Amino acid sequence: MKLTRSQWIRIIVALAVVLAVGACGKKKVASAPPTPPPPPSPAPTASLTANPNTIQAGQASTLTWRTDYATDVTIDQLGKVDPSGSRAVTPAESTTYHLVAKNDSGTQEATARITVVSSPPPPQQTSSGTDEQLFSGNMKDVFFDYDSYDVSAQYQQVLQADARFLQQHPGMKFTIEGHCDERGSTEYNLALGDNRANAANQILAQLGISADRVRTISYGKEKPFCTESNESCWQQNRRAHFVYQK
Amino acid sequence: MKKYFVVLSILFLLIIATSLASAQDWIRTGTGLGVEKVRLAVPDFKLVTTDTGTQNLSAIFNVTLWNDLQTAGIFDMASKSFYPLSVPGAPQEVHLNEWSSPPPNASMLAFGNLAIQGGSLNVQGWLYDAKNPQSPQVLGKQYREPANDANARLIAHRFADEIILRLGGGVAGVAETKLYFVSNRSGSKEIWQMDYDGADQKQLTHMGSIALSPHVSPDGTRVAYSGVTKEGWQILMYSLELGRAVSFQHFGGDNYSPAWSSDGQIIAFSSSRSGNTEIYSVSSTGGSARRLTESKGPDVSPTWNPKTNAQIAWVGGRTGLPQIYTMASDGTNVVRVTDQGYAVSPSWSPNGQFLAFAWIRHYGPGAPGASDIYVMDVASKQWAQLTHEEGRNDFPSWSPDGRHIVFQSSRTGRVQIYSMLADGSEVRQLTTAGENTQPNWSFK
């Protein structure tokens, strides 16, 4: 039997269609789902920290929050607030502050807990104990954003206060420990912790603190202050921590 | 006629396109993985004589030999349920046609016998080509060691490696290799050692502080690691010959993540002495360290190209999230090899062709995917994903034959060590006690 020219064309076209459909089917598996139209504005982001997060009754702690893209920001205990800011609070009992940031495309929440300790620990009378207590009572730690070792403006001020204390107590030697949150890889976090400790150290050096009073060490994610897997805990672990050297 | 030509060329292009699309899913490591596997039958070795109380040695031997051959990745193991009822212990007891025809349908047959007598373990083993009845013997071996569990495993490993060397394209097997790793099962993170299959786990260091990142020397005599000392993190050295820590040069700042060049001459590591973590290299006998990187941001986790020792890959944070970079071993010619996400823990394959590393490819809140093990062809930067979103996977390390990768994973909750073939198949859990991390495969 001899096929006509148009029969040939039909067969070839049919084959091509079959192959094309097959190929398209495969491609669908590999390719990403169709991207939805971009939302009018990105969902808000929010963070809320308390420093210090443990106080004695009557003392003040500073709440600091930061949001992006939010049109409406409220903190349960404080009411409507600016998109970013900080405020001193004096809770009478342990309180979890709850921030809600909203815009048209979504809502983001953040919390920070301030623990109120009712009675101060009994003072120790040994002289080294006093120095150590004086040190830990005055030297405030520096906290960092995720995967960052940049000291923010807020903590530049903290370091200025730390430097003033150190200048008033020129005999004190200390270690700066760099710490990271549990996310990411062990070795990279060791390096990141060193960069955090050194970032704090370099600012103290610029403020006139002599390098021979300071040692730095990174603990990466090996010695966390807080072991829960959530942002408020991770925040506590991303820090340059000051330790008095006897 | 023009119409035919157009239609035919479209057809041709479609065929090419489909075949290319499917070819991208393949990873070829150039070590015989992915080629047709040899069908191998391994009946239990016949127990000829035994001292009282040593019957378990025969079971240990048989299980170890089977596991070694199965794990090798180059055999199609004929199931024991298909074997003839009478198992040969010596050449005169072999009826090759029973093995070469279905159901075992084996191409190769490994068999032999064990005799445990007067406190010594004697093993005779043969490898026969079942399809060549005229001259079947490929291998005949005899072993004698004091009768104990460790030697039953050792002899099985040696015989397995002989078979793998003969049938695996001349690439030596890894059944006698060791793994070094970090375990916290003693209460603090210390350096431990185990056989490649997870047997015989031993604690090496007793620092009581933190020990991390063990890397064994190419000659297998020393393990470099990093530990917290009174002078911060230092590169420390454990002698496997002396069974204790030996001195190594201390440096300023924190020092960690040591890596041996494959000639054993140089150790690359990360140090914070300049106030910024950078990669340095130092002679493995000590001396002054040479700085290789100079950039803002963390630089850590170096690994040498073991084929040439002319290149180092490492993890840099100079652009934000960590990425993998390569450079010449003098610090020049820096090339970024990953283009996105969070990429850490590179390990360079023995043939110099591939980097294995841990990658969170789409990084960010709510982004899909976890930390998985990937392999990248260094020249073309084409990559393949080996683990698929089962927990957080990190610290891959190549076996000396390039056929296996050992890594850590949190897939069962706590972090444990697993091995797999370099195509991601045949995953085996090697540790269970405590948390176990940062495995490093010995060079031989």
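## Packing, cores and backbone of a two-letter chain model

Of the 246 residues in chain A, 30% are buried, a residue being called buried if 20 or more other C-beta atoms, placed from the backbone, lie within 10 Å of its own, exposed if 12 or fewer do, and partly exposed in between. The model is a predicted one, in which local features need pLDDT of at least 70 and side-chain atom pairs count only at pLDDT 80 or more, while totals for chains, interfaces and linings use all residues. Residues are numbered from 1 along each chain as its sequence is written, and chains are lettered from A and ligands numbered from 1 in the order in which they are written.

The secondary structure of chain A comes to 5 helices and 12 strands; these are DSSP runs numbered from the N terminus, with H or I over at least four residues for a helix and E over at least two for a strand. Among the contacts in chain A with a separation of 6 or more, 67% join residues 24 or more positions apart, where a contact means that the C-beta atoms of two residues, placed from the backbone, lie within 7 Å.

### Helices that pack together

In chain A, helix α3 (residues 153–168) and helix α4 (residues 186–206) have axes that come within 10 Å and cross at roughly 55 degrees. This angle makes α3(A) oblique to α4(A), since angles under 35 degrees count as roughly parallel, over 145 as roughly antiparallel, 65 to 115 as roughly perpendicular and the rest as oblique. Axes here are lines fitted to C-alpha atoms, for helices over the stretch in contact, with angles from 0 to 180 degrees between N-to-C directions. The crossing of α3(A) and α4(A) is right-handed, meaning that the near helix is turned clockwise from the far one by less than a right angle, with anticlockwise giving left-handed.

On the α3(A) side, A:Q156, A:L159, A:D162 and A:A163 meet A:A200, A:I203 and A:L204 of α4(A). Sorted by class, this contact has 5 nonpolar, 1 polar and 1 charged residues, with Ala, Val, Leu, Ile, Met, Phe, Trp, Tyr, Cys and Pro counted as nonpolar, Asp, Glu, Lys and Arg as charged, and the others, Gly among them, as polar.

In chain B, helix α2 (residues 55–71) and helix α4 (residues 149–167) have axes that come within 8 Å and cross at roughly 35 degrees, and the crossing of α2(B) and α4(B) is also right-handed. Residues in this contact include B:L57, B:I60, B:F61 and B:D68 of α2(B), together with B:A152, B:R153, B:A156 and B:F159 of α4(B). The contact of α2(B) with α4(B) has 11 nonpolar, 2 polar and 3 charged residues by class.

### Nonpolar cores

The largest nonpolar core has 133 residues, and those with the most contacts inside it are A:A200, B:L40, B:F61, B:M108, B:L109, B:I267 and B:F357. Such a core is a set of buried Ala, Val, Leu, Ile, Met, Phe, Trp, Tyr and Cys residues joined through C-beta atoms within 7 Å. Apart from that core lies another, of 14 residues, among them A:L48, A:A70, A:Y97 and A:A110. Leaving aside neighbours within four places in sequence, A:A200 is in contact with A:V142, A:V151, A:L159, A:I176 and A:A240.

### Unusual backbone angles

Most residues other than glycine have a negative phi, and most peptide bonds are trans. The table gives some exceptions, with their places in the chains.

| Item | Feature and value | Place |
|---|---|---|
| A:N51 and A:P52 | cis peptide bond, omega about -10 degrees | A:P52 in the loop between β1 (45–51) and β2 (54–56) of chain A |
| B:P102 and B:P103 | cis peptide bond, omega about 10 degrees | B:P103 in the loop between α3 (96–100) and β4 (108–117) of chain B |
| B:S345 | positive phi of about 60 degrees | strand β22 (residues 342–348) of chain B |
| B:F395 | positive phi of about 50 degrees | strand β26 (residues 393–398) of chain B |

With 29 other C-beta atoms within 10 Å, B:S345 is buried, and B:F395 is buried as well, with 28 other C-beta atoms within 10 Å.

### Two single residues

B:D195 is placed in strand β8 (residues 190–195) of chain B and counts as buried, with 20 C-beta neighbours inside 10 Å. Its contacts, leaving aside neighbours within four places in sequence, are with B:K178 and B:D200. The C-alpha atoms of B:D195 and B:E176 are separated by 7.3 Å, the two residues being 19 residues apart along the chain.

A:T130, found in helix α2 (residues 127–138) of chain A, is exposed, with 12 other C-beta atoms within 10 Å. Between the C-alpha atoms of A:T130 and A:K80, 50 residues apart along the chain, the separation is 42 Å.
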